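Here's a quick walk through the fold, strand by strand and then helix by helix. Have the viewer open and follow along.

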Amino acid sequence: MPKFILYISEADFSSLETDAECFLLETSLPPEFLKKFTMSAAQKNKIVLFTGENAGEISARLKADGVVFDLSAAENPVKAFKQCRRSCAKDAVVGVITRSRRHEAMLLSECEPDFLIFKIWKDGEEKTKLLVDWYTRLFLIQSAVFCRDENACWQDCETDIVILPPASYKIFVAKNEKLD
């Protein structure tokens with residue numbers, strides 16, 4: 001069973017009441033919300049990561065646990081990773097979103113992020129599944145899928161981590177409880 005990260009893209013505290021242990025906050029959210037959410041999560045011993053513009057700086061300033069850098073559009077992902085990594089606290093957890101290409105996955109894995117993330121959509125889920133399966137057989141660095149489409153079937157991916165919006169996570173939990 002993979003671990004879950006809830007992707008928070010709206011200023012809503014209700015996700016903190018779930019059993020999720022990790023949250024990925026979009027830096028475009030209001031600064032006061034980011035600060036309060038991070039503090040509340042820390043009090044509950046939950047992990048907070050940031051993604052978006054200035055994620056490294058915001059994460060360090062708010063004493064969050066880490067960041068997720070989206071390098072899927074970077075011309076030189078290795079160079080971009082090194083620049084982004086310098087913006088973080090020294091002990092920050094670092095995840096990296098890569099294009100769905102083997103070569104880029106290998107290059108970024110050599111940079112030693114804590115986990116490598118592949119986006120998954122309904123239209124490309126089979127391609128992503130094959131890529132994630134290949135990656136997890138060859139690399140020790142954890143893999144993640146980031147569900148960008150609520151209809152994407154991530155359950156068939158042999159991944160360590162799944163990043164979902166709160167609504168999709170609640171549906172998944174409800175279905176599993178019903179099966180139990």
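Which residue of β4 does L49 stand opposite? The residue facing L49 is G66 in β4. Keep in mind that this is a predicted model.

**The barrel**

Let's zoom out for a moment. The model has 8 strands that close into a barrel, running in the order β1-β2-β3-β4-β5-β6-β7-β8, with parallel pairing. From one strand to the next, the twist averages 25°. As background, strands of a sheet pair through backbone hydrogen bonds, and the pairing can be parallel or antiparallel.

Two strands are worth a visit, each with a partner on either side. Here are their pairings side by side:

| Strand pair | Residues | Bridges | Sense |
|---|---|---|---|
| β2 and β3 | β2 22-26, β3 47-51 | 5 bridges | parallel |
| β3 and β4 | β3 47-51, β4 66-70 | 3 bridges | parallel |
| β6 and β7 | β6 115-120, β7 142-147 | 6 bridges | parallel |
| β7 and β8 | β7 142-147, β8 161-164 | 3 bridges | parallel |

**Around β3**

Start with β3, which is mostly covered: of its 5 residues, 4 are buried. On the β2 side, C22 has I47 of β3 as its bridge partner. To get from β2 to β3, the chain goes through helix α1 (residues 31-43), and that β-α-β crossover is right-handed. On the β4 side you'll find the L49 and G66 pair again. Here the chain passes from β3 through helix α2 (residues 55-61) to β4, in another β-α-β crossover that is right-handed.

**Around β7**

Now hop over to β7. Why call this strand largely enclosed by the rest of the structure? Because 5 of its 6 residues are buried, where buried means under 20% relative accessible area.

Its link to β6 includes two facing pairs you can click on: I117 stands opposite A144, and I120 stands opposite C147. Going from β6 to β7, the chain runs through helix α5 (residues 125-138), with a right-handed β-α-β crossover. Over on the β8 side, V145 of β7 faces V162.

**Where two helices meet**

Next up is a helix pair. Two packed helices are described by the angle between their axes and the distance between the axes. For helix α3 (residues 77-86) and helix α4 (residues 102-110), the angle is about 35° and the axes are 9 Å apart. The crossing of α3 past α4 is right-handed.

Which residues make this contact? On α3 they are P77, V78 and F81, and on α4 they are E104, L107 and L108. Sorted by class, the contact has 5 nonpolar residues, 1 charged residue and no polar ones.

**A closer look at F81**

F81 deserves its own stop. This residue sits in helix α3. Is F81 buried or exposed? Its relative accessible area is 4%, so F81 counts as buried, the cut-off being under 20%.

What does F81 touch, once its neighbours within four places in sequence are left aside? The contacts are L71, V94, V96, L108, C111 and P113. One of these, L108, belongs to the α4 side of the helix contact described above. As for R102, its C-alpha atom is 17 Å from that of F81, with the two residues 21 apart along the chain.

Methods
Residues numbered from 1 in each chain as written. Predicted model: local features only at pLDDT ≥ 70, side-chain atom pairs only at ≥ 80, totals over all residues. Heavy atoms only, no water. Buried < 20%, exposed > 50% of the residue type's maximum accessible area, 1.4 Å probe, protein only. Pairing = 2+ DSSP bridges. Right-handed = clockwise from strand over helix to strand, strands pointing away. Axes fitted to C-alpha atoms, helices over the stretch in contact; angles between N-to-C directions. Left-handed = near helix turned anticlockwise from the far one by under 90°. Contact = heavy atoms within 4.5 Å. Nonpolar A, V, L, I, M, F, W, Y, C, P; charged D, E, K, R; others polar.
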